[in-house]
Amino acid sequence: MILKTHTVKQGMPDASQKYRPYPQIDIADRTWPSKVIDKAPIWCSVDLRDGNQSLVNPMGHDRKARMFQLLLDMGFKEIEIGFPSASQTDFDFARWCVEEGGVPADVSLQVLVQCRPELITRTFEALEGAKNPIIHFYNSTSELQRRVVFGKDVAGIKQIAVDAAKMIMDMAAKAGGGYRFEYSPESFTGTELEVALEICNAVIAEVKPTAENKLILNLPSTVEMSTPNIYADQIEWMCRNIDNRENVLISLHPHNDRGTGIAATELGLMAGADRVEGTLFGNGERTGNVDIVTLALNMYTQGVDPELDCSDIERIKAVYEYSNEMVIPERHPYVGELVYTAFSGSHQDAINKGMKAIRQANSPVWEVPYLPIDPQDVGRTYEAIIRINSQSGKGGIAYILQEDYGINLPRNLQIEFREDIQRITDEEGKELPSKKIYDRFIERYVDQTGARIKFVDHHTYPAGTDQKGIRVVAAEITDNGETKRIEGKGTGPIDGFVNALSTYLGIDLSVQDYSEHSLQHGSNAAAIAYVEMAHAGGKLFGAGINTNIVTASLEAIVSAANRVLDEQKKA
Ligand SMILES: CC(=O)SCCNC(=O)CCNC(=O)[C@H](O)C(C)(C)COP(=O)(O)OP(=O)(O)OC[C@H]1O[C@@H](n2cnc3c(N)ncnc32)[C@H](O)[C@@H]1OP(=O)(O)O
Ligand SMILES: CC(C)C(=O)C(=O)O
Ligand SMILES: [Mg+2]
C-alpha cells in the first residue's frame, strides 16, 4: 500500500516571541479572596444586543419578541434590547417594546449606542415614551484601540466619552428626564487602570449621578485576557478609587475568550461589583458573553436566591435555540442533555445510594453524590440520571429496574445480571436503553421462551400425623410441552416443590436465598419472587412474577431450575 504523504507544519511559533504576558495588578491588600457571594447582583440580559450582534442571522422581530418575553418571565429587571441606531430592525423593535411590549413598570429597557452624535439622536428617538430606560454609551479606551483604531491619545479618547456624556445629559434633560445612564470604557481589560479611572471619572463628572439616579459604570472584559483573579483585582481597584462610589453601580460585562468568564464574574462580584451583564447560556461575541443561567444556578446551589427563575430550563433552552438558531451542547452546565446523567459504574452506585438515602432521611437538604443540583429544581426529571453502557455497574442497572419498573433486585442478583448486561453492552458497543434492560431481565428470568420446564399448578396437603410440620407438594408442570405430575415433601410449598423438582430432574437443588416484593409500576402482576438456587455447578437466580405470591415463588424455582439445566447442557 502506498501511503499518501503531505507536509505537516511542525509546532506553533515561539510563544515568548509572539505573545506578551498580562501584567499583574499592584494591589497587595486585596480583600476579594475572602469574600463570599451572599446575594444576587442586579442582572442585565444583553441577549438581544451583544448576543444578537454575534449571530450568523441576527434576530428579526419574532425571534426577538420571543426572547424578550422569556427574559421578562425569568424576572430580568434590566434588558438591553438592541442597538437602535444601528439597524431599522433594532429601531423598530425598540419602538415595539415601548408601545406594545407590555413592559412592567419595574423593568428598564436598555439600549446601546456609540459616542457619536447622529447615533445618539436616533437612540433618543427610539426610546421616546419609555419608562426609566437606560442609555448605554461606550467608547473603546484600550491602549491598542487608541493606537490602531482611533489614532488618538488618552485625552482624545476621554474627550469622545465626555462629549457624548454631555450630549446625552443635555438631550435627556430636554426630553423632560426619566432616563438612566450607563457608560462602558469598552476594552476595559486592555486599558491601563489609571487611564480607565481617569476617563470614567470624567464621565461621572458630566453625568453627576445621585442616590436616586445612579450611573451604571460597566467595566467589560470585552476580550478576556487574563486569569480571573486579575479581573477581580481590577474591579476591586476601580471600586476603591472611583469618584462618587456610592452613586455608581459597578457592572461586570465578562466575555469568555479564555473559558473563564464564569469564574471572572464570580470573583468580580466578590471584589465589589453590583451588577452583571450577560446572556442566557453564554451566547455572544466569539466564545460568548458570560452565561447568566450558570451564574444564577451556581448561586442557587450555594443556598443563595439568584432572583432569576430558572425553574423551566427546558423552555429557556428552547427559546435560546429558536431565537439564536444555535444548539446547546450536551455538556453545558445545568442544561445540557447529559449533565444529569451518569454512565459510569461507580458514579451510578453512589447516585443510587444517595437517592435512597435522601428519600429515607426525608430531609429537604440536597445531598446526592455527583449531582450538585436536584434536576427537578430546574424542571428536569430523574429519568435520565442513570443510563447504561459498557462503563456501567450493577448499581446503575439496579437503579433503572427499580425506578422504571419497580423491580428491586437482591444484591447477588444485581451482580449476576450485571455480567449478562455487560456482555451485551460490550458486544454492541453502545448504550442499552432501559426498556431493553427490562426486556432482557424478563426474558432471562421470567418468560424464558423455549425453556424446558414450565410451572402449571400445585396443591399441598399434610404429609401425615407421623410427620408433623411436613407437607406434600403435588404439582403440575410441563416438560418440553408434555404435562407431568411431580411430588415432593418439605416444610412449606417452596421446600416441597424444590424437593419434587430435584427428584424429577435428578439434580441436586437447594434454595440459598429467597425474597419477594410487590411490583408498584405498570404491571398487572402483584408480586415478584427471587430465588437463589445452589446446584452442583454453583449458584444462580430465578425469578417469577404472579398475582399469587406462592405461585410467583414456585415459578422462580422453575426459572432457576431451567437455568441450571442450561448450564449443564453448556458444560
Ligand atoms: C464590544 C462591543 O460589542 S461594541 C458594540 C458593537 N456592536 C456593533 O457594532 C453592532 C452595531 N453596529 C453597527 O451597525 C455599525 O457599526 C454602526 C451603525 C453603529 C456604525 O456603522 P458605520 O458608521 O458604518 O461604521 P463603523 O462601525 O465601521 O465605523 C466605525 C467608526 O466609528 C468609530 N467608532 C467606533 N466605535 C465608536 C464609539 N464607541 N464611539 C465613537 N466612535 C466610535 C470608529 O473609530 C470608526 O471611525 P472612522 O469612520 O473615523 O474610522
Ligand atoms: C459595549 C460593550 C459593553 C461590550 O459589549 C463589550 O465591551 O464587550
Ligand atoms: Mg460585549
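Here are some questions and answers about how features of this predicted model earn their labels.

Q: What makes Asp50, His253 and His255 donors of the magnesium ion (ligand 3)?
A: Donor atoms have to lie within 2.8 Å of the metal. The OD of Asp50 and the NE2 atoms of His253 and His255 sit at 1.9 to 2.2 Å, so they make the cut. Along the sequence the donors follow the pattern D-x202-H-x1-H. Aspartate 50 in helix H2 (residues 47-53) and histidine 253 in strand E7 (residues 248-254) are 203 residues apart, so to speak a link between distant parts of the chain. Both aspartate 50 and histidine 253 are buried.

Q: Why is the pairing of arginine 387 with glutamate 431 called a salt bridge?
A: A salt bridge needs a side-chain nitrogen of Lys or Arg within 4 Å of a carboxyl oxygen of Asp or Glu. Here the N to O distance is 2.8 Å, so the label fits. The pair links distant parts of the chain, 44 residues apart: arginine 387 is in the loop between helix H13 (345-361) and helix H14 (394-405), and glutamate 431 is in the loop between helix H15 (411-428) and helix H16 (434-447).

Q: Are arginine 387 and glutamate 431 buried or exposed, and what makes them so?
A: Buried means under 20% relative accessible area and exposed means over 50%, with partly exposed in between. Arginine 387 has 21%, so it counts as partly exposed. Glutamate 431 has 29%, so it lands in the partly exposed class too.

Q: What do arginine 440 and aspartate 420 tie together?
A: Their side chains meet in a salt bridge at 2.6 Å, N to O. Arginine 440 lies in helix H16 and aspartate 420 in helix H15, so the pair ties together parts that are 20 residues apart in sequence. Arginine 440, at 27% relative accessibility, is partly exposed, while aspartate 420, at 5%, is buried.

Q: How do you know that arginine 485 is called exposed and glutamate 476 partly exposed?
A: The exposed label starts over 50%, and arginine 485 has 66% relative accessibility, so it qualifies. Glutamate 476 has 22%, which falls between the 20% and 50% limits, so partly exposed is the right term. The two form a salt bridge, with their closest N and O atoms 3.1 Å apart.

Q: How many salt bridges does the structure hold, and which residues are linked in a network of them?
A: There are 35 salt bridges in the structure. One network of them links Glu78, Arg180, Glu182, Arg275 and Glu277.

Q: How do you know that the length of helix H9 (residues 228-241) agrees with what it should span?
A: The expected span is 1.5 Å times one less than the number of residues. For the 14 residues of H9 that gives 20 Å, and the end C-alpha atoms are 20 Å apart, so the two agree.

Q: Why is H9 called largely enclosed?
A: Of its 14 residues, 11 are buried, so the rest of the structure largely encloses the helix. Among the buried ones are Ile230, Tyr231, Ile235, Trp237 and Met238. The buried residues of H9 pack against helix H8 (193-207), strand E6 (215-221), E7 and helix H10 (261-270).

Q: Why does asparagine 201 count as buried?
A: Asparagine 201, found in helix H8, has a relative accessible area of 16%, which is under 20%, so it is buried. Leaving aside neighbours within four places in sequence, asparagine 201 is in contact with Asn241, Ile242 and Asp243.

Q: What makes leucine 409 buried?
A: Its relative accessibility is 4%, under the 20% limit, so the term applies. Leucine 409 lies in the loop between H14 and H15. Leaving aside neighbours within four places in sequence, its contacts are Leu401, Gln414, Phe417, Phe441 and Tyr530.

Q: How do you know that proline 375 is buried?
A: The relative accessible area of proline 375 is 0%, and buried means under 20%, so that settles the label. Proline 375 sits in the loop between H13 and H14. Not counting residues up to four places away in sequence, proline 375 touches Tyr340, Trp366, Arg380, Thr381 and Tyr382.

Definitions and conventions: Residues numbered from 1 in each chain as written. Chains lettered and ligands numbered in written order. Predicted model: local features only at pLDDT ≥ 70, side-chain atom pairs only at ≥ 80, totals over all residues. Heavy atoms only, no water. Donors = N, O, S within 2.8 Å, 3.2 Å for Na, K, Ca; no water. Helix = DSSP H or I, 4+ residues; strand = E, 2+ residues; numbered from the N terminus. Buried < 20%, exposed > 50% of the residue type's maximum accessible area, 1.4 Å probe, protein only. Contact = heavy atoms within 4.5 Å.
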